[in-house]
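Biologist: I should be grateful for a close look at a single helix and its surroundings. Please set out the criteria as you proceed.

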Amino acid sequence: RWTLQAPLEAQAAGGEISLHQLVINVEDLEPRALASVLVSDLELAELAGAFGWPEMVGQLNASLDDIHISREEMVTAGRATAEAFDGSFQLRNLKVQAPFSRYPTYHADIDFNGLDLYQLTQTFEFGEINGVADGFIHELRLFNGVPSSFRAKFETRSEGRRNISVKAIRNLNTLSQGGLSAALSQGIYQFIDFYRYRKIGFICSLRNDLFHIRGTARPGSDQYLIYGSLLPPRIDVIMSSPTISFREMMQRLKRIERAED
């Protein structure tokens, strides 16, 4: 048994990381550990540069108490928060299964509020969207860096500037499996780069490669992913089928990105 007698503190990414509890037990050649970590004001810009993530601005804070570590899993009841894209993220129910294996599985529940969609979509090159959004990604499970299951909700607020680029419409149209992409290249639509919208909203889930989605943008309907503006030019994105293979959807998105490049 090995016990940390005094906290260990380190400066990193403009903030501080403090390991204020660590107990390691080795019983029957099976090591186990208990730890607590406090993360304060780490700059996301520096972390993104160090790990090769997309460029972002904000801060990361975490209070991860009672981290139980074994060969089978790493789990904590603590939480982490991040300020990014002018909004906030809260991460809880954090767990890693088989943490020391070649392919660990990551679990988390994520809630987000007040995200600036212009900053978000510019960072991830989804296609420009202006607006503010709230939502969550619950029961998230990542295997080899790819989602294998989750439940999620995404909705924009009815305030501020709300418009969306043709590239973003094409990407959301991929989620809906609609035939809107051809229409965007015909008639007057081929000369329009941005459309106004009243709301973007959907609830979706993934399990066993089946991606299920329903729209929440228009009251009284579960088909509208984008509910267009009152005034022309107007575009609605409507679901044609609520279920699609997640692997097929990702392949379609990649084809769109290559076409845009």
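Modeller: The following account concerns helix α2 and its setting.

This is a predicted model, in which local features need pLDDT of at least 70 and side-chain atom pairs count only at pLDDT 80 or more, while totals for chains, interfaces and linings use all residues. Residues are numbered from 1 along each chain as its sequence is written, and side-chain values use heavy atoms, with hydrogens and water left out.

Helix α2 spans residues 117-124; helices (H or I, at least four residues) and strands (E, at least two) are DSSP runs, numbered from the N terminus. Within α2, L117, L120 and T121 are buried, a term for under 20% relative accessible area, with exposed over 50% and partly exposed in between (1.4 Å probe, protein chains only). Viewed down the axis of α2, these buried residues fall within an arc of 90°, so they line one face of the helix; the arc is that of the directions from the helix axis to the C-beta atoms. In general, an α-helix has 3.6 residues a turn, so residues three or four places apart point the same way.

The buried residues of α2 pack against five strands: β9 (105-116), β10 (129-130), β11 (132-143), β12 (146-156) and β14 (194-207). Contact here means heavy atoms within 4.5 Å.

As for the ends, D116 caps the N-terminal end of α2, with a side-chain oxygen 2.9 Å from the backbone nitrogen of Y118. After α2 comes E125, whose phi is positive, near 55°.

One of the strands packed against by α2 is β12, and E155 is found in β12. Leaving aside neighbours within four places in sequence, E155 is in contact with V132, A133, D134, K199, I200, G201 and T216.

Note on methods. A polar contact is a pair of N or O atoms within 3.5 Å; within protein, one must be able to donate a hydrogen and the other to accept it, and residues adjacent in sequence count only if both atoms are side-chain atoms.
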